[in-house]
Amino acid sequence: MPKTKNNNADNLIILNRETNEPIGDYAVRCLEYNIINMTLLPGTFISEKIVSEVLSISRTPIREAFSRLEKINLIEIYPQKGTMVSLIDTSIVEETSFMRMVLEKEIIKMVCKNHSEKDLKLLNKNIEHYEKNINTNKFYELLKLDNEFHELLFSIADKKLTFSLIRDSIKHFNRARIFNIMEMDRTRTLTEHSNILLHIKEKNIKKLLPIMEMHLTHVKDDMEFLKNKFPEYFK
């Protein structure tokens with residue numbers, strides 16, 4: 001069991017609850033945001049009682065939220081000892097990177113063969129928004145835009161269900177990616193997304209495939225640097 005870190009759940013960023021959003025889903029969304037955004041750092045112990053007080057909701061939905069987050073490897077529950085934000089597991093990062101590479105190389109083939117002008121405009125708009133935010137500290141927004149770019153590719157390929165099935169499995173991976181955005185060259189993602197769009201327009205699958213493979217394996221390749229700089233956050 002990792003060394004205990006101070007509980008800082010009282011510093012949670014509180015999100016607005018959406019209209020008709022079930023209270024349990026709201027609790028999960030708030031905690032997930034704070035974990036991925038690094039407000040709750042890996043290895044931090046969090047209290048059901050404090051989270052309940054900060055979010056002003058009862059402890060039952062918090063307990064249920066903890067259970068759901070444990071299933072997607074964002075927290076670890078130690079009976080009689082406490083609940084901890086999980087350390088970033090490099091084996092999960094590597095396997096998720098592999099899964100995405102295999103899937104998205106097939107997705108990009110479909111997109112290359114069949115896309116509309118509207119699809120190209122949506123991808124371009126996403127890239128423009130990313131570029132607009134690239135020099136800010138809106139790390140979560142950049143991660144969100146990066147995810148949305150890839151979700152658009154699945155949508156264009158008519159594989160929305162496939163993306164929905166992998167959405168939860170990439171959330172642990174997203175914490176490594178947000179570290180990547182904080183510490184590595186953000187222009188790399190912008191350049192690669194721009195090149196992906198360019199070659200989609202040209203329907204040049206020969207150039208697209210190696211770019212996609214490189215793009216989807218950066219996080220795995222950058223793990224050594226990140227682990228050396230932040231060893232306390234990695235398993």
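This is a short walk through one predicted model, from its annotated domain to a handful of individual residues.

Hi everyone, and thanks for coming. First, some housekeeping. What we have is a predicted model, in which local features need pLDDT of at least 70, side-chain atom pairs count only at pLDDT 80 or more, and totals for chains, interfaces and linings use all residues. Residues are numbered from 1 along each chain as its sequence is written, and side-chain values use heavy atoms, with hydrogens and water left out.

Let's start with the annotation. An unreviewed UniProt entry places the feature "domain: HTH gntR-type" at residues 21-88. UniProt positions are in the numbering used here, feature names are shortened, and annotations may be inferred rather than shown by experiment. In the model, that span is 51% helix and 15% strand, and its end C-alpha atoms lie 29 Å apart. When I say helix or strand, I mean DSSP runs numbered from the N terminus: H or I of at least four residues for helices, E of at least two for strands.

Now come along the chain to Asn20, in the segment before α1. Asn20 has a positive phi, near 65°, and is a residue other than glycine. Buried or exposed, then, for Asn20? Asn20 is exposed, with a relative accessible area of 76%. My cut-offs are under 20% relative accessible area for buried, over 50% for exposed, and partly exposed in between, using a 1.4 Å probe and protein chains only.

On to α2, residues 48-55. Its buried residues are Glu48, Val51, Ser52, Val54 and Leu55. Looking down the axis of α2, these buried residues fall within an arc of 165°, so they line one face of the helix. That arc is taken over the directions from the helix axis to the C-beta atoms. And what covers the buried residues of α2? The cover includes α1, β1 (45-46) and α3 (59-71).

Both ends of α2 deserve a look. At its start, a side-chain oxygen of Ser47 comes to within 3.1 Å of the backbone nitrogen of Lys49. For a polar contact I take a pair of N or O atoms within 3.5 Å; within protein, one must be able to donate a hydrogen and the other to accept it, and residues adjacent in sequence count only if both atoms are side-chain atoms. Just after α2, Ser56 takes a positive phi of about 60°.

From the α3 side, please find Ile62, which sits in that helix. Ile62 is buried, at 0% relative accessible area. Not counting residues up to four places away in sequence, Ile62 touches Ala27, Glu48, Val51, Ser52, Leu55 and Ile57, where contact means heavy atoms within 4.5 Å. Ile62 and Val51 are eleven residues apart along the chain, and their C-alpha atoms are separated by 7.3 Å.

Next, a helix pair. Two packed helices are described by the angle between their axes and the distance between the axes. Here, α1 (residues 23-36) and α8 (residues 171-183) have axes that come within 9 Å and cross at roughly 35°. Which residues of α1 and α8 make the contact? From α1 they are Glu32, Ile35 and Ile36; from α8 they are Lys171, Asn174, Arg175 and Ile178. By class, this contact has three nonpolar, one polar and three charged residues. The axes are lines fitted to C-alpha atoms, for helices over the stretch in contact, with angles from 0 to 180 degrees between N-to-C directions. For the classes, Ala, Val, Leu, Ile, Met, Phe, Trp, Tyr, Cys and Pro are nonpolar, Asp, Glu, Lys and Arg are charged, and the others, Gly among them, are polar.

Let's stay with α8, which also holds Arg177. Arg177 counts as buried at 6% relative accessibility. Beyond its neighbours within four places in sequence, Arg177 contacts Arg100, Leu143, Asp146, Asn147 and Val219.

Ile178 comes back when we turn to Phe139, in helix α6 (residues 139-156). Phe139 is buried, with a relative accessible area of 18%. Leaving aside neighbours within four places, Phe139 is in contact with Ile178, Ile181, Met182 and Arg186.

Last stop: Asp222, in helix α10 (residues 205-229). Asp222 counts as buried at 10% relative accessibility. With the same neighbours within four places in sequence left out, Asp222 contacts Asn180, Met184 and Arg188.

That's my tour; over to you for discussion.
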